Protein chains: 2
Amino acid sequence: PEWLDDPARFTCAVSAPSKRSKFGGIKSYLAYELTTSSAAAAAAADSPAPSPVWRRYKQFAWLRARLEEKFPAVVVPRLPGTLPAAARYAPECVRRRVGELSLWLEHVTGHPALAGCDVLRHFLTCGDNVEEWKGGKRRAERDRDVGHSFYLGVDVRCAADLQHAEELAKSMKVAHRKPRERFGELESIIDELSTRAIVSFKKNDFAGPCGKATTEGGREGGLHPTPLGTALVQAGNAIRAAGLAATAHARADTEPLNEAVTFYGGLTCGLPELLKLHNTGALSRAKDTQKRRAAGRATNGRANTVLCVCMAEELEVSRAGERIFKRALALFLEGQLAFHRHVVKELEECLQACAYE
Amino acid sequence: PEWLDDPARFTCAVSAPSKRSKFGGIKSYLAYELTTSSAAAAAAADSPAPSPVWRRYKQFAWLRARLEEKFPAVVVPRLPGTLPAAARYAPECVRRRVGELSLWLEHVTGHPALAGCDVLRHFLTCGDNVEEWKGGKRRAERDRDVGHSFYLGVDVRCAADLQHAEELAKSMKVAHRKPRERFGELESIIDELSTRAIVSFKKNDFAGPCGKATTEGGREGGLHPTPLGTALVQAGNAIRAAGLAATAHARADTEPLNEAVTFYGGLTCGLPELLKLHNTGALSRAKDTQKRRAAGRATNGRANTVLCVCMAEELEVSRAGERIFKRALALFLEGQLAFHRHVVKELEECLQACAYE
């Protein structure tokens, strides 16, 4: 069983946060710009492109609470944690936050079960009109179709294979318990690396002092006015530049991996609950139902529905994890490739400059 | 004034040292193989190619003493220092020693004034016959044409410009005093780097732990059997391999620079004596001669000869330094270029492997 894709779903880009304030400047906050488009809207030529909307972190948290309430068995990823007040407006924190919120929103808008729901639509499209926002907010909070009534709306087109269901639950348990431990480690390593790279390249790494020494050796060596002196200085500068570029790349290239790890952590923390529902809430009841049916007694399809939803959601979580990591890895490799290509070009130029006679 | 090139000079390659022993194994030593060829011999088609000869460090030192004795005002570079007995046969010490002796012999055989002399010819061509070696040795040691008689054999074709001579001595003093300080520093930095690179890449550098983490994350994450898992493992391995390659390259690529620094130190340590001869022995006497000549008194060309020799030798030292550093720098850049090209290729393959759908 798997979710069917919603052809009308949105895609949404998070960008350009800006600092805003209310109560005459007493409280300030960041608002993120969301630019939403939907395949359906794009296909209909006469519909205007939706205009961007501004949302703040608090509103993301509100949306998440609504989705969690309305969709049991669907894993709504955790949002990135709140930042300490001092770091909230630091450019690198803001940039990272934008990346993390993008991944979160990408998952939510890309999830077939969540994609079409009213509260998400409201969040993505409601403009600056305060009344309109409050109206949608009230509507969503008064919604009676929350929790178990979700299952009533699911159109289950197959019966779950109980053996397959059991195996899937087991493999999910193994597959996603370990990475949570592992990726926690990876996370701290990446963090350490990106801060350490700078120090390491400045202090004791290859490129730094060798670049410095050749540069100074060339300049002070009195060889400076000769072609060799020039070549030495040039090589020194190139090597030093490569060191600095490596530092910048190490930090920039690990950023997507970093964000993927954070997102993955936020995604898989919802798994234990899902697996519990799968095992005790659905699988055991489905077995029960099977027995009742074998004994010729009346059954309803409820257990099958819940089981199918669980299995579809587990597949979705696995796929999302794969997709996110695949992209982060490709970005990381592309960044490193660009760096090494750049160094190759610099070294080629340097060698050419040295090949005077 | 500059030395005229000797068209009959030798070129000589040092290679393949082997451990030998004498007195029935009580004393052991390294013998280096010297393969000599001369442009003149190569041009005469009927002369056989000279066969390689074996020389030990002690014989290099003996040659150096003879050359120094015979050629005043010529800077005979210092030989690399003797090694502690424990390290003498370590492969990396031997490899480095071969490189240093090569540079030394290249300078001596390439020096127009030294190139044709009998003692060098004997050193380069005398075969395994002990009597023959001893005969040449005795001849060289009994040679009466040593020291100042060297000037008698020099054919000076111009009169030195006294102002130019003064300027040259000054600029040599400045140019080569500083690099001796600077390169001493560079030397220790290079040494530190080549030993530290290994530790740094293993412990706290970018490639190491990130490669490890992605590899393990991929393997234990349960993502292993999926294409993404495979890609993660592959990327991890590639990054780790790049880290190891960087270490090896850092060490291998700095080797020529290292040898150049050592050689340059050994070359320039003879400069102060040369400059002293230039300034007090020749320049002041040449000025004196000028005055005597202006007063109509008798003069000989001796001061001019010494001055011209000094100037030619100073030019030779500058050129040798440039040539050596130029080549070492090119080797260093080529090594680094090869490394980065290799990494580019690996990353491209990795990216291709990740681009499954």
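**Exercise 1. Which residues form the positive surface patch in this predicted model, and which helix gives the most to the patch?**

Step 1. Start by finding the members: Lys27(A), Lys58(A), Lys134(A), Lys137(A), Arg138(A) and Arg142(A) make up a positive patch on the surface.

Step 2. Now look for the main contributor. With four residues, helix α5 of chain A, spanning residues 130-142, gives the most to this patch.

**Exercise 2. Where does Lys137(A) sit, and is Lys137(A) buried, partly exposed or exposed?**

Step 1. Locate the residue: Lys137(A) lies in helix α5 of chain A, and it is one of the patch members.

Step 2. Take the relative accessibility of Lys137(A), which is 30%.

Step 3. Recall the cut-offs: buried is under 20% and exposed is over 50%, with partly exposed in between. Lys137(A) therefore counts as partly exposed.

**Exercise 3. What is the sign of phi at Ala73(A), and where in chain A is Ala73(A) found?**

Step 1. Know what to expect: most residues other than glycine have a negative phi.

Step 2. Check the angle. Ala73(A) is not a glycine, yet its phi is positive, at about 70°.

Step 3. Place the residue: Ala73(A) belongs to the loop between α2 (57-70) and α3 (91-110) of chain A.

Step 4. Judge its exposure. Ala73(A) has a relative accessible area of 12%, so it is buried.

**Exercise 4. Turn to chain B: what is phi of Ala73(B), and is Ala73(B) buried or exposed?**

Step 1. Read the angle: Ala73(B) has a positive phi near 70°.

Step 2. Find its element: Ala73(B) is in the loop between α2 (57-70) and α3 (91-110) of chain B.

Step 3. Use the accessibility: at 12%, Ala73(B) counts as buried.

Terms used. Residues are numbered from 1 along each chain as its sequence is written. Chains are lettered from A and ligands numbered from 1 in the order in which they are written. This is a predicted model: local features need pLDDT of at least 70, side-chain atom pairs count only at pLDDT 80 or more; totals for chains, interfaces and linings use all residues. Side-chain values use heavy atoms; hydrogens and water are left out. Patches are made of residues with over 30% relative accessible area and no salt bridge: like charges are joined within 9 Å, nonpolar side chains (Val, Leu, Ile, Met, Phe, Trp, Tyr) within 5 Å. Accessible areas come from the Shrake-Rupley method with a 1.4 Å probe; for residues, only the protein chains shown count as cover. A salt bridge is a side-chain nitrogen of Lys or Arg within 4 Å of a carboxyl oxygen of Asp or Glu. Lys and Arg count as positive and Asp and Glu as negative; His and the chain ends are not counted. The place of a charge is taken as NZ of Lys, CZ of Arg, CG of Asp or CD of Glu. Helices (H or I, at least four residues) and strands (E, at least two) are DSSP runs, numbered from the N terminus. Buried means under 20% relative accessible area, exposed over 50%, partly exposed in between (1.4 Å probe, protein chains only).
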